[in-house]
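Please open the model in a viewer and keep the selection panel at hand. The tour proceeds from one selection to the next.

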Amino acid sequence: MSENVQVGGMQEVFIQLKGKTLKDVERSIASVESIGGRVTHVFPPGIMVASVPSVKVKLLRRRAGVISVETGTIAKGGLKDLGHELDLAIDAWNNHIGAERRTRAIESPLLDKSWDTNKFLPPDPPAEVMAELRRRDAELAPAQAKGPAGAPNMNIPVLVGRVVVGIVFVDSTIAQYKITDAEKSKIISETTEGLNMLSSFEPNANIQWVYDFKRPKINLQSGSFPAANQNGWEDTWRNAAVAAMGYSADINGMNSYINSIKVANNAQWAYALFVTKYPKVWFAYYWGNHVVMDFAVDGWGIDNFNLVVAHETGHVFGCGDEYAASGCTCTSLHGRYQVKNGNCENCAPVSIPCLMKSNSQAVCDYTRGQLGWNELAIKSRGATTFKGTWTFDLDSGVQGPASGADLWWEQVNTVTRYLVPQSGAMLANLGAVNFDALSRQTLMTKAYTATPVNGSNNASNKLTPGTVIAIKTNAGRYAKMRIDTYGYNLGITWVTYK
Ligand SMILES: [Zn+2]
């Protein structure tokens, strides 16, 4: 055992629990939260990884239900009751905390390379295979009345709260398809690393990854996978695998498994990650709430498995691809909140690094919006008619409040009109940017001033429909407001973040 010294800030810790049930795990999660921490990974029922204030680590060690709290690398056999699950969790933790893996990741020549880099295959199949997967998706999707374009699609999950990942190693009695313990350990380490990166982009989403491991051993030989039937390869080994796990040998069996781990862990969502050496139509892809991945990860190599998992998980939660070869467009809508794909390389004026575009440890605002993160930690929101001569408090969403107004829609005369910041609020006119994709993080980076915006009824008007105004409210919050219609009254839509 070694201590990883950190002064101040939030420190990552590996916690071994006495508990044996979900109830015990829940109690320990509450214990971590009561000292201002956040549980990020759970290997039920005995292990959690959490982020806690560094000054509280000692306190956590004395909490009921806690056996040990580690901050540094853990020696194998250093913790008592070493079960198989615990072994895997320790390997993943040691890899995560150790310098070797992190240095390699930072120095990797593949870091930030676009997914369609020359001589590399993207983590999505070619168009004709994708079309087949989308067709099968449509078969599975519940029938739904299609709402107006842009309305939320509640069938798409958001990446928030507790999410169970069923990691299914489809192992074999046939030599060429066998999976070794070392390979399994590496996959778990890379998967937890990729998911950790993804969830750490948005603490407000309070994401807890819970893992369920399965290792069905099947005996299908290579002859079961004829070249002429590529589209059926996955069905062949997946059905055999879920049957070996005790479920029906079809897609319903897989869905029963996913549903069972969701219910057992009281989670918001669950999906499956199948890892196998059996033949597959592509090295990484997603459809029907499960991800399929190969060990080789094409030219990216097993050391980039983490970022490919993060990319595929983005698809599970509704994100669109952003690299040019995916054929993306900036107008297609994705995710529960149907946010445009404005960081798509084919059309974005400036396309920034994002895990949906490149092998990057970054997430753009459009992907944030598609994951549902721009809808978190909202203080007030709505659409209203902001009347001429009236004031508006963005913190409370009240028009004409007795105090605390942030904006005044001033009418100097029938032509001259100003949007005036009040009571210490400040503004930044962002022009016609995508409102849904504008995150709190981006609002925080803007340069705010107390200068009114000219909204006069002539050529100098800066409040034309589609214009987005960023506001730092008099209470210090960040808000965004879009002009929907212009006139003596303004039609506005606003969101104020906590
Ligand atoms: Zn993709």
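Begin at Phe317: setting aside neighbours within four places in sequence, this residue is in contact with Pro157, Val158, Leu159 and Leu371. The model is a predicted one. Phe317 belongs to the loop between α9 (305–316) and β11 (333–334). Is Phe317 buried or exposed? With 23 other C-beta atoms within 10 Å, Phe317 is buried, since 20 or more such atoms make a residue count as buried. Add Gly335 to the selection: 18 residues separate Phe317 from Gly335 in sequence, while their C-alpha atoms are 6.6 Å apart in space.

**The domains**

Next, colour the protein chain by domain: domain 1 comprises 10–97, domain 2 comprises 127–181 + 195–374, and domain 3 comprises 378–497. Between domain 2 and domain 3, the C-alpha centres are 39 Å apart. Where the two touch, 10 residues of domain 2 are in contact with 6 residues of domain 3. On the domain 2 side, select β12 (339–340) and α10 (365–371), the elements that give two or more residues to the side touching domain 3. Which of the elements gives the largest share of that side? It is α10, with 4 residues. Sorted by class, the side of domain 2 that touches domain 3 holds 4 nonpolar, 3 polar and 3 charged residues.

**Helix α1**

Move now to helix α1, residues 22–34. At 1.5 Å a residue, its 13 residues should span 18 Å, and the end C-alpha atoms are indeed 18 Å apart, so expectation and model agree. Show Val25, Ser28, Ser31 and Val32, which are buried in α1. These residues cover an arc of only 115 degrees around the axis, and therefore lie on the same side of α1. In general, an α-helix has 3.6 residues a turn, so residues three or four places apart point the same way. Turn the view to the other side of α1, where Lys23, Ala30 and Ser34 are exposed.

What do the buried residues of α1 pack against? Their partners are β1 (10–17), β2 (38–43), β3 (47–53), α2 (57–61) and β4 (66–70). Just after α1, select Gly36, where phi is positive, at about 85 degrees.

**Backbone geometry to inspect**

As background, most residues other than glycine have a negative phi, and most peptide bonds are trans. Three places merit a selection.

- Pro44 and Pro45 are joined by a cis peptide bond, with omega about -5 degrees. Pro45 lies in the loop between β2 and β3.
- Asp112 has a positive phi, near 70 degrees, in a residue other than glycine. Its loop runs between α4 (99–107) and α5 (127–140). Asp112 is partly exposed, having 14 other C-beta atoms within 10 Å.
- Ser423, also not a glycine, has a positive phi of about 55 degrees. The loop that holds Ser423 lies between β17 (417–421) and β18 (426–431). Ser423 is partly exposed, with 15 other C-beta atoms within 10 Å.

**Strand β8 and its partners**

Select strand β8, residues 269–276, which is mostly covered. How many of its 8 residues are buried? The number is 7. Add strand β5 (residues 162–172), which pairs with β8 in the parallel sense over 8 bridges. Within this pairing, Thr276 in β8 stands opposite Val170. Then show strand β10 (residues 290–293), whose pairing with β8 is parallel and extends over 4 bridges. Here, Phe274 has Val292 of β10 as its bridge partner.

**An antiparallel sheet**

The last stop is an open sheet of 5 strands, with antiparallel pairing. Following the order β15-β14-β16-β17-β19 leads across the sheet. Which strands form the edges? They are β15 (398–399) and β19 (453–454), each of which pairs on one side only. Within the sheet, select strand β14 (residues 391–393) together with strand β16 (residues 407–411): 2 bridges join these antiparallel strands. To end the tour, centre on Phe392, whose bridge partner in β16 is Leu407.

Terms used. Residues are numbered from 1 along each chain as its sequence is written. This is a predicted model: local features need pLDDT of at least 70, side-chain atom pairs count only at pLDDT 80 or more; totals for chains, interfaces and linings use all residues. The expected span of a helix is 1.5 Å times one less than its number of residues. A residue is buried if 20 or more other C-beta atoms lie within 10 Å of its own, exposed if 12 or fewer, and partly exposed in between; C-beta atoms are placed from the backbone. The arc is that of the directions from the helix axis to the C-beta atoms. Two residues are in contact if their C-beta atoms, placed from the backbone, lie within 7 Å. Domain bounds come from an automatic or database domain assignment. Ala, Val, Leu, Ile, Met, Phe, Trp, Tyr, Cys and Pro count as nonpolar, Asp, Glu, Lys and Arg as charged, and the others, Gly among them, as polar. Two strands pair if DSSP finds at least two bridges between them.
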